[in-house]
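Good morning, and thank you for joining this session. I should like to take you through one structure, element by element. Please bring it up on your screens.

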Amino acid sequence: MGMIMAVSFTRYGRLYYLDPGGHSPKVGDKVLVPTDSGPEVAECVWAPQYTSEDIDGLPVCAGLAGEEHLTRDETNKRRRAEARSVSKRLIKRHSLPMKVVGIDYLDQDNVYTVYFSAPHRVDFRALVRDLARNLRARVELRQIGPRDEARLQGGIGPCGRDLCCATFLKDFEPVSVRMAKDQDLPVNPLRIAGACGRLMCCLKYEHPLYQEFRASAPRVGTSVETPEGAGTVVGHNVPSDSVVVRLADGGRRCSCSKASVCSPRKQHDAMYGDGPAPS
């Protein structure tokens with residue numbers, strides 16, 4: 001058992017987990033997070049608490065941020081804002097089909113990284129020279145895709161919550177239309193697409209559960225025996241681990257536990273006893 005805390009570099013941004021070490025920051029405190037370019041200021045959004053999970057390898061909090069760290073952080077924020085304004089102005093001057101998504105700045109190396117999106121590859125060599133001359137620093141431009149653009153900009157998903165990619169999702173896993181079909185979702189781009197215009201990442205979350213259910217549940221149209229009589233499977237309800245059966249006697253529909261219909265009656269009785277199966 002160890003202790004863990006969470007911080008965020010931006011308001012409502014992605015969470016980063018730390019080992020608090022010997023420090024006990026409160027929610028809202030500014031703390032120092034070790035990075036490759038030195039300690040950076042972040043806000044504590046989850047106070048240290050004990051956890052039963054293995055947390056070996058987490059970065060160790062470097063303590064509360066001092067006045068000099070806060071001043072440096074504010075200066076870097078102003079420089080990033082200035083770089084964004086200059087970048088937009090020069091992109092318009094060069095008539096390039098680019099959209100500035102985010103700006104990163106390393107004050108130790110005096111390097112700006114401009115993240116942008118574009119419909120195709122862009123020749124930005126002249127733009128880089130003008131940016132370096134105006135900002136008096138080395139400038140790197142990186143083109144990113146729609147998913148990374150949504151991650152950097154943030155936003156609200158169809159569920160009404162902050163985007164997964166902007167809060168906790170670290171890696172983008174492959175998502176296919178087959179996952180939506182397996183979950184009986186409408187194959188409508190407006191219904192299954194996220195803020196980035198690509199398939200929603202959350203389609204991946206419950207897909208293994210649907211695969212496991214379909215591997216053991218009777219298919220639609222299969223004749224089965226239920227505690228209420230013989231019938232035909234007409235639907236599945238994966239979250240409740242049950243199937244919908246239309247009874248042969250009267251055509252009434254009922255919801256039955258998958259365990260009570262997916263095996264021969266003798267096998268079910270051997271597993272659950274000879275008593276009536278739950279409906």
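Let me begin with one residue: Val114 counts as buried, at 2% relative accessibility, where buried means under 20% relative accessible area, exposed over 50% and partly exposed in between, for a 1.4 Å probe and protein chains only. What you see is a predicted model, in which local features need pLDDT of at least 70, side-chain atom pairs count only at pLDDT 80 or more, and totals for chains, interfaces and linings use all residues. Residues are numbered from 1 along each chain as its sequence is written, and side-chain values use heavy atoms, with hydrogens and water left out.

Val114 lies in strand β6. Helices (H or I, at least four residues) and strands (E, at least two) are DSSP runs, numbered from the N terminus. Which residues does Val114 contact, leaving aside its neighbours within four places in sequence? They are Ser87, Val100, Gly102, Ile103, Val139, Glu140, Leu141 and Arg142, contact meaning heavy atoms within 4.5 Å. Of these, Val100 is 14 residues from Val114 in sequence, and their C-alpha atoms are 7.1 Å apart in space.

Let us turn to the strands around this residue. Strand β5, residues 99-106, and strand β6, residues 111-117, run antiparallel and are joined by 7 bridges; two strands pair if DSSP finds at least two bridges between them. Along this pair, Lys99 has Ser117 of β6 as its bridge partner, and Gly102 stands opposite Tyr115. The hairpin of β5 and β6 has 4 residues between the strands, and there Asn110 takes a positive phi near 55 degrees.

The loop between β5 and β6 also holds Gln108. Is Gln108 buried or exposed? With a relative accessible area of 58%, Gln108 is exposed. Not counting residues up to four places away in sequence, Gln108 touches Ser37 and Gly38. Gly38 is 70 residues from Gln108 along the chain, yet their C-alpha atoms are separated by 8.6 Å.

Next, the sheet as a whole. The order β5-β6-β7 describes an open sheet of 3 strands with mixed pairing. Its edge strands are β5 and β7, the latter spanning 138-143, and each pairs on one side only. Neighbouring strands of this sheet are turned by 20 degrees against each other on average, direction ignored. For such angles, axes are lines fitted to C-alpha atoms, for helices over the stretch in contact, and angles run from 0 to 180 degrees between N-to-C directions.

Which helices lie across β5 and β6? Helix α1, residues 67-94, does so at about 140 degrees to β5, and α3 does so at about 60 degrees to β5. In helix α3, residues 146-153, the buried residues are Arg147, Glu149, Ala150 and Arg151. These buried residues pack against β5, β6 and α4, the last spanning 164-167. After α3 comes Gly154, with a positive phi near 75 degrees.

I come now to the pocket. Rolling a probe the size of a water molecule over the atoms shows where empty space is left. The largest pocket holds about 1500 Å³ of space. Its lining comprises 40 residues, and Phe9, Thr10, Ile103, Asp104 and Leu152 lie nearest its centre. At least two lining residues come from each of β4 (40-51), α1, β5 and α3. On the 1 Å grid over the protein atoms alone, a pocket is an open set of points where a 1.4 Å probe fits, with protein on both sides within 12 Å along at least five of seven lines, and lining residues have an atom within 4 Å of a point. Grid points are joined across faces, edges and corners, and the volume is the space filled by probe spheres set on the points.

Strand β4 contains Glu40, which is buried, with a relative accessible area of 18%. Its contacts, beyond neighbours within four places in sequence, are Phe9, Val31, Leu32, Val33, Thr35 and Arg72.

Finally, a second sheet. Here 4 strands form an open sheet in the order β8-β9-β10-β11, with antiparallel pairing. The edge strands are β8 (223-226) and β11 (253-257), each pairing on one side only. In this sheet, neighbouring strands are turned by 50 degrees against each other on average, direction ignored. Between β8 and strand β9, residues 229-237, there are 4 bridges in the antiparallel sense, and Ser223 stands opposite Thr232 in β9.
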